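Welcome, and thanks for taking a look at this model with us. Please open the sequence and the structure side by side, and we will walk through a sheet, its helices and some side-chain pairs.

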Amino acid sequence: MSDNPLPPILQFGTSRFLQAHVDLFVSQALERGTALGRIAVVQSTDSPASTARTAALASGTAYRVLVQGIDNGQVIEQNHWASAISHALHATEQWPALRRGFVEQVKVVISNTGDRGYQLDPRDTPALLDALAPAPVSFPAKLLVLLHDRWQQNAHASLSLFPCELVARNGDVLRDLLAGLARKWALGDGFEAWLTQHCRWANSLVDRIVSQALEPVGAVAEPYALWAIERQDGLTLPCTHEAIVLTDDLDQFERLKLFTLNLGHSYLAERWLADARPEHETVYQAMHSPALRGDLERLWANEVLPVFAALGQLDAAQRYVDSVRERFANPFLQHRLADIAANHNDKKQRRLLPLVELAEQIVPGLEQPMLRAALNSQR
């Protein structure tokens, strides 16, 4: 890798979401001279779809992001060409090169590894720290090996990590997960202190509907885009961009998205499953079903917004629901309910249950029959 060094940003995940969100932001920032540098993408699973994307991204050729939708009542249709990705590696096949490059060049790590990306694997053991060992199976173990290499060989260099998985306080969660794995592997107090105190783990929230992949790489996305990042000292951003917001109150951003947009998606998916609705139905089509649209509106009005009112955030929540309604009714996005319904029961536990539990604490008399019925069903 010394003759073709890694860029300063390392990204775990090849998804269409990242292509149309973080990767596009960095590409646009590079054009303005406000990015840290280019991106190396790491394929951390062995799925054929990821392998095909990795092969296409490895060429370094710019790919298209088609932005289509309604923004404040105006029709938006724009083609963007993203060129921030300079490397694409398969972790299993190029692990030694990735380990060397991570020690030497990387300043920022970004991840978006899917709904089960933080799951550990019993096949991952401390033996994988050996220089000749193959790549670990799980993403957390891969990252732990890379961080241990960094601690041993380049501990003074700064490193900021930006998990983008849809997990509340995702930076704290991933940090604590790796610290626990480090203790299990008996890697020592010195490494754990470096891991938790020297490295900067950013809590952040990503928000953009990316409904469709373009082949071989690229995506169709809505105009709305947000990357809200909790402010902390010593954090190195991958770039500056109008869609990136540094905030001292990330919890408010997380609640708004989780309990209106994500909850709304999962409710529509619940109804799609329960009512055996058309196989290829999209969010847009569901929003044009009067009965289903009416139920979603009642859910927001009667079971969601009263919780925000109790928090003193009703005005902000109503504005966000208005924007979500416009986004769901975007005629350009082919956002299939079948895709949203993947891992549906797990998603309900993350998106619906916390709101019910919060309501029990701050609005104890609030009835939430629609949410409770959805939680009690197994699809």
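In which sense do strand β7 and β8 pair, and over how many bridges? The two strands, β7 covering residues 160-163, run in the parallel sense and pair over two bridges. One place to look is S160, whose bridge partner in β8 is R200. Please keep in mind that this is a predicted model.

## The sheet and its helices

Zooming out, β7 and β8 belong to an open sheet of six strands with parallel pairing, in the order β5-β2-β1-β6-β7-β8. At the edges stand β5 (85-90) and β8 (200-201); each has a single partner strand, so one side of each is left without a neighbour in the sheet.

Two helices are worth finding next. Helix α2 lies across β1 (9-12), β2 (39-43), β5 and β6 (108-111), and runs at about 160° to β1. Helix α5 (residues 139-154) also packs on the sheet, where it touches β1, β6, β7 and β8. The direction of α5 makes about 155° with that of β1.

The loop between β6 and α5 holds L120, a partly exposed residue with a relative accessible area of 43%. Setting aside neighbours within four places in sequence, L120 is in contact with S138, P140, L177 and L181. The C-alpha atoms of L120 and A141 are separated by 7.3 Å, with their positions 21 residues apart along the chain.

## Salt bridges

Across the whole structure, a search finds 23 salt bridges. Here are three of them, with the distance between N and O atoms.

| Pair | N to O distance | Separation in sequence |
|---|---|---|
| R32 and E242 | 3.5 Å | 210 residues |
| E222 and R327 | 2.6 Å | 105 residues |
| E360 and R372 | 3.1 Å | 12 residues |

R32 and E242 form a salt bridge that links distant parts of the chain: R32 sits in helix α2 (residues 22-32), and E242 in the loop between β12 (226-230) and β13 (244-247). R32 is partly exposed, at a relative accessible area of 46%, while E242 is exposed, at 61%.

Are E222 and R327, which also meet in a salt bridge, buried or exposed? Both are buried. E222 lies in the loop between β11 (219-221) and β12, and R327 in helix α11 (residues 314-328), so this pair ties together parts that are 105 residues apart in sequence.

The E360 and R372 salt bridge joins two helices, with E360 in α14 (residues 353-362) and R372 in α15 (residues 369-376). E360 is partly exposed at 46% relative accessibility, and R372 is partly exposed at 34%.

Beyond these pairs, there is a network of salt bridges to trace: it links R169, D172, R175, D176, E230 and D251.

## Cysteines

How many disulfides does a search of the whole structure find? The count is zero. C164 is in no disulfide, and its nearest cysteine sulfur, that of C239, is 11 Å away. Likewise, C239 is in no disulfide, with the sulfur of C164 as its nearest. C164 is buried, with a relative accessible area of 2%, and C239 is buried, also at 2%.

Definitions and conventions:
Residues are numbered from 1 along each chain as its sequence is written. This is a predicted model: local features need pLDDT of at least 70, side-chain atom pairs count only at pLDDT 80 or more; totals for chains, interfaces and linings use all residues. Side-chain values use heavy atoms; hydrogens and water are left out. A salt bridge is a side-chain nitrogen of Lys or Arg within 4 Å of a carboxyl oxygen of Asp or Glu. Helices (H or I, at least four residues) and strands (E, at least two) are DSSP runs, numbered from the N terminus. Buried means under 20% relative accessible area, exposed over 50%, partly exposed in between (1.4 Å probe, protein chains only). Two strands pair if DSSP finds at least two bridges between them. Contact means heavy atoms within 4.5 Å. Axes are lines fitted to C-alpha atoms, for helices over the stretch in contact, and angles run from 0 to 180 degrees between N-to-C directions. A disulfide is a pair of cysteine sulfur atoms within 2.5 Å.
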